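Colleague: I would like a close look at a single part of this chain, set against the fold as a whole. Could you take me through it step by step?

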Amino acid sequence: MENLLQPDLLIALLTLTAMEIVLGIDNIVFIAILVAKLPKEQQARARSIGIGLALVSRLILLLSITWIMRLTEPLFQIADKAFSGRDLILLIGGLFLIAKATYEIHEKLEVDGEEAAVAVKGKGRFKTVVFQIALLDIVFSLDSVITAVGMVQQISIMVIAVIISIAIMLLAAGKISEFVHRHPTIKILALSFLVLIGVMLLVEGMGGHVNKGYIYFAMAFSLIVEFLNMRFRKKQKIAH
């Protein structure tokens with residue numbers, strides 16, 4: 001613990017924690033959209049389990065760094081492209097995220113009220129939602145852990161940063177879920193960005209590189225514009 005008080009390690013901890021929180025934003029949004037399909041009384045429990053699974057998967061991956069490093073080694077080659085275990089996980093995760101987000105957007109735009117009620121009743125089962133959260137937790141955790149390994153060398157720093165970031169996610173998840181649920185346009189915007197994140201995972205799985213800063217900047221800019229639109233619509237409603 002005394003070692004953590006050293007300035008360089010403290011800075012590394014704060015930087016990594018901030019990075020883990022940023023990387024966890026898409027995880028929270030995905031969980032918020034999925035748990036909205038469940039009955040109100042089950043949503044908080046599903047969020048807690050989903051975020052708890054994210055913590056467990058991150059800690060398991062952190063404690064298996066040797067295995068994580070082996071994931072970057074080529075498994076097979078197609079044409080001139082060699083695919084590693086990490087590439088396959090990113091490709092599967094990207095395809096799942098694109099398919100799920102696209103389906104959700106279609107449901108919001110095309111399915112009428114009565115059909116939507118039936119759809120929610122059929123697909124909103126607790127175990128199904130938790131399974132889908134767990135599946136994407138693995139993909140998001142892999143990205144998170146690889147980032148952590150690249151930033152610091154001490155396992156203790158990585159573990160503390162992950163625990164702090166997950167605790168903050170747990171505290172913020174309820175508020176974010178309520179906000180997304182109350183504002184349909186925000187939900188559509190969030191789903192659109194999940195499609196974008198899925199495309200990014202596919203690109204990285206194919207060996208390309210996408211600067212995540214551009215994606216997070218686009219998300220922040222779009223949210224600011226949407227907040228301004230919400231403020232404008234509220235002002236118009238009051239005026240009339």
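Modeller: The chain contains nine helices and two strands, and from the N terminus on these elements follow the order α-α-α-β-β-α-α-α-α-α-α. Please keep in mind throughout that this is a predicted model, and that what follows describes the model as computed. Of its 240 residues, 41% count as buried, while the chain exposes about 13500 Å², with carbon and sulfur atoms supplying 69% of that area. Among contacts between residues at least 6 apart in sequence, 80% join residues at least 24 apart.

The part I would pick out is helix H8, together with what meets it. H8 covers residues 184-205, and because 22 residues at 1.5 Å a residue should span 32 Å, the 31 Å between its end C-alpha atoms agrees with expectation. Just after H8, Gly 207 takes a positive phi of about 100°.

At the N-terminal side of H8 comes its meeting with helix H7, residues 155-182, where the two axes come within 5 Å and cross at roughly 110°. An angle from 65 to 115 degrees counts as roughly perpendicular, so H7 is roughly perpendicular to H8. On the H7 side the contact is made by Phe 179, Val 180, His 181 and Arg 182, and on the H8 side by Pro 184, Ile 186 and Lys 187. Sorted by character, the residues of this contact divide into four nonpolar, one polar and two charged.

Farther along H8, the partner to consider is Gly 94, which is found in helix H4, residues 85-110. Gly 94 counts as buried because its relative accessibility is 0%, and buried means under 20%. Leaving aside neighbours within four places in sequence, Gly 94 is in contact with Gly 198, Leu 201 and Leu 202. Gly 94 also lies 8.6 Å from Val 139, C-alpha to C-alpha, although the two are 45 residues apart in sequence.

The end of H8 brings in a strand residue, Phe 83, which lies in strand E2, residues 81-84. With a relative accessible area of 7%, Phe 83 is buried. Leaving aside neighbours within four places in sequence, its contacts include Gly 205 and Met 206, and on the other hand Pro 74, Leu 75, Phe 76, Ile 78 and Leu 91. Phe 83 and Met 206 are 123 residues apart in sequence, yet their C-alpha atoms are 7.7 Å apart in space.

For H7, it is also worth turning to helix H2, residues 40-62, which has 23 residues and reaches 34 Å from its first C-alpha to its last, close to the 33 Å expected at 1.5 Å a residue. Its buried residues are Gln 43, Ala 46, Arg 47, Gly 50, Ile 51, Ala 54, Ser 57, Arg 58, Leu 61 and Leu 62. Arg 58, which is found in H2, is buried with a relative accessible area of 1%. Leaving aside neighbours within four places in sequence, Arg 58 is in contact with Val 162 and Ile 166, as well as with Glu 20, Asn 27, Asp 137, Phe 140, Ser 141, Ser 144 and Val 145.

Terms used
Residues numbered from 1 in each chain as written. Predicted model: local features only at pLDDT ≥ 70, side-chain atom pairs only at ≥ 80, totals over all residues. Heavy atoms only, no water. Helix = DSSP H or I, 4+ residues; strand = E, 2+ residues; numbered from the N terminus. Buried < 20%, exposed > 50% of the residue type's maximum accessible area, 1.4 Å probe, protein only. Contact = heavy atoms within 4.5 Å. Areas by Shrake-Rupley, 256 points an atom, 1.4 Å probe, with all protein chains shown as cover. Expected span 1.5 Å × (residues − 1). Axes fitted to C-alpha atoms, helices over the stretch in contact; angles between N-to-C directions. Parallel < 35°, antiparallel > 145°, perpendicular 65-115°, else oblique. Nonpolar A, V, L, I, M, F, W, Y, C, P; charged D, E, K, R; others polar.
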